[in-house]
Structures are given as structure tokens and as C-alpha cells.
Amino acid sequence: MNIKLKSVVHDVYEVNLAAKKVSKGASLITKEPMPVPKISFASCVDHTNLSIYTIGGQDISRSASASCEVYSISENSWKKLPNLTTAVYSASCVISTKN
């Protein structure tokens, strides 16, 4: 079996899921690319602040990454956050609104 390895990416697109139908070749809206190209990263959405967080992942050399970024949906921009103390990939994340 010939398995093709995934490539790291930094491309970001928006698609309207409210249409309840996404067809092949549907138009995608290009957004600001991620500052750090990677794969296998954790991501979560903060609906209160309209932000998307990316955490860890694997970089172009397939090494685990400690990088963290936040994307502002309303500003279409990325901001680098402090690195994790330990590099991770294939992780999960959640946003808790409880104090």
C-alpha cells in the first residue's frame, strides 16, 4: 500500500456551512495564512471573542511543535502566543467559560 504523507499547511479558508450543502468546487474564501505552517495541531473556537486557537502540531520537519497562535475572525489576523513548555501534536483542546 502506498500511503502519501500529509504536507504541512498554513492556508486558511472560510466556507459557509449555514448553506447546509457544500458541493465539490464550492467557493472558498481565502483568509490570512497561519504564521507557522504545521499539521496535526489542536484547535478550538472561542465564540465569545470570535477567535480560533491553534496549539502545537508538527512542523515541516515532522518535529513536535510548542507554538501557539490565535486567529481573530473579525480582524482576519493571527497573533503569536507564548510557546507551550512541552511540544505536542495530535492533542485536543477545549475552551472553558467557568472560572
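This is a short group-meeting talk on the fold of one protein chain and a few of its residues.

Okay, hi everyone. Before anything else, keep in mind that what you see is a predicted model. I'll start with the overall picture, then go through the sheet, and then stop at some individual residues.

So, the overall picture. We have 99 residues in the protein chain, and 22% of them are buried. On secondary structure, the count is 0 helices and 6 strands, so reading along the sequence you just get β-β-β-β-β-β. The exposed surface of the chain is about 7500 Å², with 55% of that supplied by carbon and sulfur atoms. And if you take contacts between residues at least 6 apart in sequence, 39% of them join residues at least 24 apart.

Now the sheet. Four of the strands make an open sheet, in the order β3-β4-β5-β6, and the pairing is antiparallel. Which strands stand at the edges? Those are β3, residues 42–46, and β6, residues 77–81; each has a single partner strand, so one side of each is left without a neighbour in the sheet. On average, neighbouring strands here are turned by 20 degrees against each other, ignoring direction.

Let's walk across the sheet. Starting from β3, the pairing with β4, which is residues 51–55, is antiparallel and runs over 5 bridges. If you want a spot to click on, Ser43 has Thr54 in β4 as its bridge partner. These two strands form a hairpin with 4 residues between them, and in that hairpin Leu50 has a positive phi near 50 degrees. Hold that thought, I'll come back to phi.

Next step over: β4 and β5 are antiparallel too, joined by 5 bridges. Here Thr54 turns up again, this time with Glu69 in β5 as its bridge partner. Then β5, residues 68–72, pairs with β6 in the antiparallel sense over 5 bridges. The example there is Val70, whose bridge partner in β6 is Lys79.

While we're in β4, look at Ile52, which lies in that strand. Ile52 has 26% relative accessibility, so it counts as partly exposed. Which residues does Ile52 touch, leaving out those up to four places away in sequence? The list is Cys44, Val45, Glu69, Val70, Tyr71, Ile73 and Trp78. Take Ile73 from that list: Ile52 and Ile73 are 21 residues apart in sequence, yet their C-alphas are 7.4 Å apart.

Two other names on that list, Tyr71 and Trp78, also go together. The chain has 1 aromatic pair by the counting rule used, and it is formed by Tyr71 and Trp78, tilted, with 5.0 Å centre to centre and 45 degrees between the planes. Are these two buried or exposed? Tyr71 is buried, at 4% relative accessible area, and Trp78, at 18%, counts as buried as well.

Now for the residue I'd like you to look at, Lys38. Lys38 is in the loop between β2, residues 29–31, and β3. And how accessible is Lys38? The value is 0% relative accessibility, so this lysine counts as buried. What does the side chain of Lys38 contact? There's a polar contact with the side chain of Glu69, at 2.7 Å. On top of that, a polar atom of the Lys38 side chain lies 3.0 Å from the backbone oxygen of Gly56. And yes, that's the Glu69 we just met as the bridge partner of Thr54.

Gly56 also comes up with Ser65, in the loop between β4 and β5. Ser65 is buried, with a relative accessible area of 10%. Beyond four places in sequence, Ser65 touches Gly56, Gly57, Ala87 and Val88. The C-alpha of Ser65 is also 9.7 Å from that of Ile39, which is 26 residues away along the chain.

Back to phi, as promised. Most residues other than glycine have a negative phi. Besides Leu50, two others to check are Ser40 and Arg62. Ser40 isn't a glycine but has a positive phi of about 55 degrees; it's in the loop between β2 and β3 and is partly exposed at 23% relative accessibility. Arg62, in the loop between β4 and β5, has phi near 70 degrees. Arg62 is partly exposed too, at 32%.

That's my tour, thanks.

Key
Residues numbered from 1 in each chain as written. Predicted model: local features only at pLDDT ≥ 70, side-chain atom pairs only at ≥ 80, totals over all residues. Heavy atoms only, no water. Pairing = 2+ DSSP bridges. Axes fitted to C-alpha atoms, helices over the stretch in contact; angles between N-to-C directions. Buried < 20%, exposed > 50% of the residue type's maximum accessible area, 1.4 Å probe, protein only. Polar contact = N/O pair within 3.5 Å; in protein donor to acceptor, adjacent residues only side chain to side chain. Contact = heavy atoms within 4.5 Å. Areas by Shrake-Rupley, 256 points an atom, 1.4 Å probe, with all protein chains shown as cover. Phe/Tyr/Trp six-rings, centres within 6.5 Å; stacked < 30°, edge-to-face > 60°.
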